[in-house]
Amino acid sequence: MLIAGNWKMNGLDASLSEVRALVAGLKARPGLKVVICPPATLLTRVVKEAGSAIGVGGQDCHAKVSGAFTGDISAEMLKDAGATWTIVGHSERRQYHGETDAVIAAKAEAGWRAGLGVMICVGELEAERVAGKEYEVVSTQLANSVPADAASHIVAIAYEPVWAIGTGRTATAEDIVKMHAHIRKELVARFGDAGAKIEILYGGSVNPKNAKEILSQPEVGGALVGGASLKAADFLTIVDAAP
Ligand code: PEP
């Protein structure tokens, strides 16, 4: 299981006390990986606080190593700051920064080039689900934003229905089971046995109350948690809910 916390554009220095509390509270859980993705300005400080107890990740990376890309950060820079993971293709990047599947695939390749594990996010909009197109949308995102060589790298797919992110509206267990089975089928069809081993995380309003039910569903290999990762006590409860 991989439980990742995406702080988004939240967290000033004060958040480091939450990292300290998280480190102190993490019980030894063999086989369970915990990753925090803070804003880039906090990366080195979170790495220092987290030690080896928690992995640290970026929330995005540029596809190039360096260059005239004001405001961007490369995967190599994340690595240099101590990160071991990066998220790519978060719906907020797709929505507010116009990132296409091709851009996201290039960013995933950049993450691996730098030696990072990569969480690739996919998920449908509410209107797409209402129109009954959720499987088609996710299949297209998987086909075009997950690179052809994904199975030979450290990768997790995060299924994050956009209508469930930050809304308090979690997908039902049935929705999650069906979509994760669909994603697994696509991964196996494309990557064979290696596709069966890729972790599929669920994200979208995971909280201390619903974590146990979500994390116990078949093909749920962990969670990508936004709001509830900001408080150590909440995040620890979610971590503790992992089977
Ligand atoms: C996210 O940011 O990836 C996310 C799932 O957010 P939240 O848990 O707040 O819905």
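Q: In this predicted model, is Glu160 buried or exposed?
A: Count the other C-beta atoms within 10 Å of Glu160: there are 28. A residue with 20 or more counts as buried. Therefore Glu160 is buried.

Q: Where does Glu160 lie?
A: Two elements flank Glu160. One is strand β6, residues 155-159, and the other is helix α8, residues 173-191. Glu160 lies in the loop between β6 and α8.

Q: Which residues does UniProt list for "active site"?
A: The listing comes from an unreviewed UniProt entry. The listed residues are spread over 71 residues of sequence, yet they cluster in space, with a largest C-alpha distance of 8.4 Å. They are His90 and Glu160.

Q: Is His90 buried or exposed?
A: His90 lies in the loop between β4 (85-88) and α4 (91-96). It has 27 other C-beta atoms within 10 Å. The cut-off for burial is 20 or more, so His90 is buried.

Q: Which residue is in contact with His90 and is also touched by Glu160?
A: Leave aside neighbours up to four places away in sequence. His90 is then in contact with Gln59, Asp60 and Cys121. Glu160 touches several residues, including Ser91, Gly123 and Cys121. The name on both lists is Cys121.

Q: What is the bridge partner of Gly203 in β8?
A: Strand β7 covers residues 199-203, and β8 covers residues 222-225. These strands run parallel and are joined by 2 bridges. Glu160 touches both Gly203 and Leu224. The bridge partner of Gly203 is Leu224.

Q: How many strands close into a barrel?
A: The order runs from β1 through to β8, with parallel pairing. Neighbouring strands are turned by 25° against each other on average, direction ignored. The number of strands in the barrel is 8.

How values were computed. Residues numbered from 1 in each chain as written. Predicted model: local features only at pLDDT ≥ 70, side-chain atom pairs only at ≥ 80, totals over all residues. Pairing = 2+ DSSP bridges. Helix = DSSP H or I, 4+ residues; strand = E, 2+ residues; numbered from the N terminus. Axes fitted to C-alpha atoms, helices over the stretch in contact; angles between N-to-C directions. UniProt positions renumbered as here; feature names shortened; annotations may be inferred. Buried ≥ 20, exposed ≤ 12 C-beta atoms within 10 Å, placed from the backbone. Contact = placed C-beta atoms within 7 Å.
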